[in-house]
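User: I would like to learn how to read the features of a protein model with a bound ligand. Could we work through them one by one?

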Amino acid sequence: MEELLRGWDGEHVVVRYDREADAWIFIAIHSTRLGNASGGTRMKVYDEPQDGLRDALRLAEGMTYKWAGVDFPMGGGKGVIALSRPLGTPERDGLLERYGELVESLAGGFSTGADLGVGPDLVQVIGRETTHVFGTRIAGDPGPWTALGVFTAIEAVAQELFGSSDLSGRTVLVQGVGDVGIPLAKRLWDAGAQLKLADINAKHVAGIAEELGAEAVDVEALYDEPCDIFAPCAVGAVLNAQTIPRLCCKGIAGAANNQLEGPEDAGRLHERGVLYGPDFICNSGGAIALLGLEALSMTEDYVAAKILSIRDTLKVIFREARENNESPLHAAERLARRVLERGPA
Ligand code: PHE
């Protein structure tokens with residue numbers, strides 16, 4: 001853990017060992033340059049507590065870029081609850097309440113909401129102990145908002161690749177049919193896309209595929225599956241030295257945070273000619289909705305328009321990347337860095 005913290009360029013990390021649940025809590029505050037830190041809370045079983053810390057550090061950095069990318073006055077932070085084993089409901093709720101107390105003790109220096117393993121219902125449990133949560137009042141479940149943003153990002157990728165944002169007849173492979181993947185799949189289906197769905201839960205994906213008339217793809221074969229656009233909407237680090245050579249897609253836009261295992265994977269995709277929609281731009285819809293509606297007093301119409309402007313942001317990023325013959329990730333990072341250098345608007 002020492003090495004992880006030394007190698008990190010963020011501001012600070014709050015660490016708590018929860019003896020009752022034998023769980024580690026990490027709240028990573030990466031940057032408060034633009035405002036107080038905000039980011040979701042992830043809860044899952046990790047082999048080692050340091051794997052949870054590593055996730056928290058990288059995810060918090062991703063939030064810094066996400067807020068800068070949409071130019072919101074928020075800083076990058078993330079909570080990770082690293083479980084040592086699956087918990088029953090009463091035990092889990094107790095842990096989340098104690099986590100809520102910890103968030104409350106930070107007095108607004110960190111605010112949080114849903115992420116992998118912490119759905120809208122569990123955000124309510126955290127919210128019993130702290131007011132610094134989003135998704136309990138106006139916005140509700142951020143999943144459909146994130147899906148709207150990813151959908152429009154997929155349109156932007158199609159526009160850049162094929163000269164048209166029309167998705168009818170285009171094959172889109174969605175990895176992960178959860179809180180974001182399901183509403184995204186529905187939107188794609190409505191737009192006439194040819195859908196392929198994959199999920200670690202084979203039974204779950206089969207049910208949804210049947211409902212939508214989509215094809216369920218085996219998770220093992222997922223990276224070899226021919227498609228126009230791949231939408232990773234599950235865990236991170238799915239784009240790496242092992243998977244990138246296998247990909248049979250032309251472009252990528254999805255909801256997962258930290259889709260690249262490392263920065264060099266952006267170059268790998270670029271060399272293979274796969275257009276990468278930077279994750280922190282494509283998946284910013286949920287963050288826009290949560291904070292826009294519950295902290296920044298935006299109307300729903302304004303929030304929806306802001307989310308749909310992800311398409312314009314990507315257009316600029318793709319053009320810049322094309323002109324420089326570089327990965328769109330680099331163009332997106334420059335855009336975010338310009339905002340960070342400028343400071344809060
Ligand atoms: N965890 C989601 C994200 O990474 C949504 C979220 C954003 C939750 C901001 C809380 C605060 O975008």
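What follows is a walk through the ligand site, some buried and partly exposed residues, and some backbone angles.

Analyst: Note at the start that this is a predicted model.

User: Which residues come nearest to the ligand?

Analyst: The general idea is to list the shell of residues around the ligand and then pick out the nearest. Here 14 residues surround the ligand, and Lys66, Lys78, Ala114, Asp115 and Asn257 come nearest.

User: Which helices each supply at least two residues of the shell around the ligand?

Analyst: Helix H2 and helix H10, residues 285-294, each do so. H2 gives the largest share of the shell, with three residues.

User: How far is a polar side-chain atom of lysine 66 from an oxygen atom of the ligand?

Analyst: Polar contacts are read from distances between N or O atoms, with a cut-off of 3.5 Å. For lysine 66, a polar side-chain atom lies 2.7 Å from a ligand oxygen. Lysine 78 also has a side-chain N or O atom beside a ligand oxygen, at 3.2 Å. With aspartate 115 the ligand atom is a nitrogen, 2.8 Å from an N or O atom of the side chain.

User: How much of the ligand's accessible area does the protein cover?

Analyst: On its own, the ligand has 310 Å² of accessible area, and the protein covers 94% of that. The largest pocket is the space that the ligand takes.

User: Let us turn to burial. Is threonine 64 buried or exposed?

Analyst: The step is to compare relative accessibility with a threshold. Threonine 64 counts as buried because its relative accessibility is 3%, and buried means under 20%. Threonine 64 lies in helix H2, residues 49-70. Beyond its neighbours within four places in sequence, threonine 64 is in contact with His30, Ser31, Gly76 and Leu340.

User: And where is threonine 146 found?

Analyst: Threonine 146 is in helix H5, which runs over residues 143-162. With a relative accessible area of 9%, threonine 146 is buried as well. Not counting residues up to four places away in sequence, threonine 146 touches Val180, Ala255, Asn283, Gly285 and Gly286. With one of these, glycine 286, the side chain of threonine 146 makes an approach of 3.2 Å to the backbone nitrogen.

User: What is the relative accessibility of valine 80?

Analyst: Valine 80 has 0% relative accessibility and therefore counts as buried. This residue is found in strand S5. Contacts of valine 80, leaving aside neighbours within four places in sequence, are with Trp24, Ile25, Phe26, Arg42, Tyr46, Gly52, Asp55, Ala56 and Leu59.

User: How does one read a distance in space against a distance along the chain? How far apart are the C-alpha atoms of valine 80 and alanine 28?

Analyst: Put the separation in sequence beside the C-alpha distance. Valine 80 and alanine 28 are 52 residues apart along the chain, and their C-alpha atoms are separated by 8.3 Å. For serine 84 and proline 49, the values are 35 residues and 7.9 Å. Glycine 127 and alanine 82 are 45 residues apart, with 19 Å between their C-alpha atoms.

User: Where is glycine 127 found?

Analyst: Glycine 127 is in the loop between helix H4, residues 120-126, and H5. Its relative accessibility is 29%, so glycine 127 counts as partly exposed.

User: Which backbone angle of aspartate 22 deserves a look?

Analyst: Check the sign of phi, and whether the residue is a glycine. Aspartate 22 is not a glycine, yet its phi is positive, at about 50 degrees. Aspartate 22 is found in the loop between strand S1 (12-18) and strand S2 (23-31), and is partly exposed at 30% relative accessible area. Aspartate 71 also has a positive phi, near 55 degrees. The loop of aspartate 71 lies between H2 and strand S5 (75-83), and this residue is partly exposed at 33%.

User: Which residues is serine 84 in contact with?

Analyst: Leaving aside neighbours within four places in sequence, they are Ala21, Asp22 and Val45. A polar atom of the serine 84 side chain lies 2.8 Å from the backbone oxygen of aspartate 22. Serine 84 lies in the loop between S5 and helix H3 (89-105), and counts as partly exposed at 36% relative accessibility.

Definitions and conventions
Residues numbered from 1 in each chain as written. Predicted model: local features only at pLDDT ≥ 70, side-chain atom pairs only at ≥ 80, totals over all residues. Heavy atoms only, no water. Helix = DSSP H or I, 4+ residues; strand = E, 2+ residues; numbered from the N terminus. Buried < 20%, exposed > 50% of the residue type's maximum accessible area, 1.4 Å probe, protein only. Polar contact = N/O pair within 3.5 Å; in protein donor to acceptor, adjacent residues only side chain to side chain. Contact = heavy atoms within 4.5 Å. Near = heavy atom within 4 Å. Areas by Shrake-Rupley, 256 points an atom, 1.4 Å probe, with all protein chains shown as cover. 1 Å grid on protein atoms, 1.4 Å probe; cavity = no way out; pocket = protein on both sides within 12 Å on 5 of 7 lines; lining within 4 Å. Sits in = over half its atoms within 2 Å of the grid points.
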